[in-house]
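Dear colleague,

Please find below the structure that I am handing over to you. My notes on its side-chain contacts follow directly after it.

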Amino acid sequence: MITETDKEESKNHYVDNQKLYQQNGYSVIPGKYGSKMPAIKAWSDYCFRFPTIDEVVSWTRNFSQTNLDVALGEASGIIALDIDCIDQRILDVIMPILPSSPVVKRGSKGETRFFRFSGESTDSLKFNGDMVVEILSSNKKTTLPPSRHPNGLNYVWTSEETLLTIDKSTLPILPPALFTHLGSVLRSTFPDLIQPSLGKTFSGRNDELSSF
């Protein structure tokens with residue numbers, strides 16, 4: 001659960017934490033404080049390479065308030081499974097199917113589970129136009145604790161392990177065709193919600209379970 005933070009806490013989470021994350025093999029970048037937006041341009045480049053020393057020095061000098069973001073995919077060697085659904089009917093179906101991870105964070109709603117990168121592409125599964133679950137890989141990033149969420153509270157780790165305490169090579173790999181399986185289960189669970197004329201399938205990117 002997210003908790004209220006101390007009013008005297010640092011507001012420069014990138015400066016405070018970037019060194020430890022880089023030492024542990026993660027490509028981290030500054031985000032805008034209290035926002036999900038990155039603080040730099042061309043930020044997705046860091047999904048494929050680490051920041052240079054000069055770039056890190058520039059960022060630490062130029063930003064006085066920051067969040068801490070990790071660029072996902074190839075460079076960091078990790079991906080994230082972002083569960084962003086608030087419909088309890090859907091959660092009751094998907095939660096027993098979704099793979100667990102020893103490293104989990106929470107922001108406002110849902111949770112984010114971390115996995116080892118194994119060439120996965122970014123992908124998403126939607127329901128009624130709303131995001132249900134998303135695989136965040138290359139060209140995506142996620143904000144790390146203890147950064148400030150837009151809701152005014154802080155991101156927190158809800159697992160005993162964090163990205164700094166675990167050997168990332170021991171993180172599990174997502175099962176193949178996960179979203180295809182989820183889509184099949186949702187179709188069989190909610191057959192009345194499917195509109196065959198739309199021709200929607202659950203083969204991957206941009207697929208949706210048809211709306212009511």
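The notes below take up the aromatic contacts, one helix and the salt bridges in turn.

Please bear in mind throughout that this is a predicted model.

Aromatic contacts

The model holds four aromatic pairs. One of them joins Tyr46 and Trp59 in an edge-to-face arrangement, with the ring centres 5.3 Å apart and an angle of 85° between the planes. Tyr46 belongs to the loop between β1 (28–32) and α2 (53–62), whereas Trp59 is part of helix α2, so this contact ties together parts that lie 13 residues apart in sequence. Tyr46 has a relative accessible area of 5% and is therefore buried, the cut-off being under 20%. Trp59, at 8% relative accessibility, also counts as buried. Together with Tyr14, the residues Tyr46 and Trp59 make up one aromatic cluster.

A further ring contact involves a charged side chain: Lys168 is placed over the face of Tyr26, at 4.9 Å from the ring centre.

Helix α4

Helix α4 comprises 12 residues, 178–189. At 1.5 Å a residue, a span of 16 Å is expected, and the C-alpha atoms at its ends are 17 Å apart, which agrees. Which residues of α4 are buried? They are Leu178, Phe179, Leu182, Gly183, Val185 and Leu186. These residues cover an arc of only 165° around the axis, which puts them on the same side of α4.

Salt bridges

The count of salt bridges is six. Among them is the one between Asp69 and Lys141, whose closest N and O atoms are 3.0 Å apart. Asp69 lies in strand β2 (residues 66–71) and Lys141 in strand β8 (residues 141–144), so this salt bridge ties together parts that are 72 residues apart in sequence. Both partners, Asp69 and Lys141, are buried.

Glu55 forms a salt bridge with Arg49, with 2.9 Å between the closest N and O atoms. Here Glu55 counts as buried at 19% relative accessibility, while Arg49, at 33%, counts as partly exposed.

Glu134 and Lys140 also meet through their side chains in a salt bridge, at 3.8 Å from N to O. Glu134 is buried, with a relative accessible area of 13%, and Lys140 is partly exposed at 30% relative accessibility. Finally, Arg106, Glu111 and Arg113 are joined into one network by salt bridges that share partners.

With kind regards

Key
Residues are numbered from 1 along each chain as its sequence is written. This is a predicted model: local features need pLDDT of at least 70, side-chain atom pairs count only at pLDDT 80 or more; totals for chains, interfaces and linings use all residues. Side-chain values use heavy atoms; hydrogens and water are left out. Rings of Phe, Tyr and Trp (its six-membered ring) pair if their centres lie within 6.5 Å; planes under 30 degrees apart count as stacked, over 60 as edge-to-face and the rest as tilted. Helices (H or I, at least four residues) and strands (E, at least two) are DSSP runs, numbered from the N terminus. Buried means under 20% relative accessible area, exposed over 50%, partly exposed in between (1.4 Å probe, protein chains only). A charge sits over a ring if NZ of Lys or CZ of Arg is within 6 Å of the ring centre and within 35 degrees of the ring normal. The expected span of a helix is 1.5 Å times one less than its number of residues. The arc is that of the directions from the helix axis to the C-beta atoms. A salt bridge is a side-chain nitrogen of Lys or Arg within 4 Å of a carboxyl oxygen of Asp or Glu.
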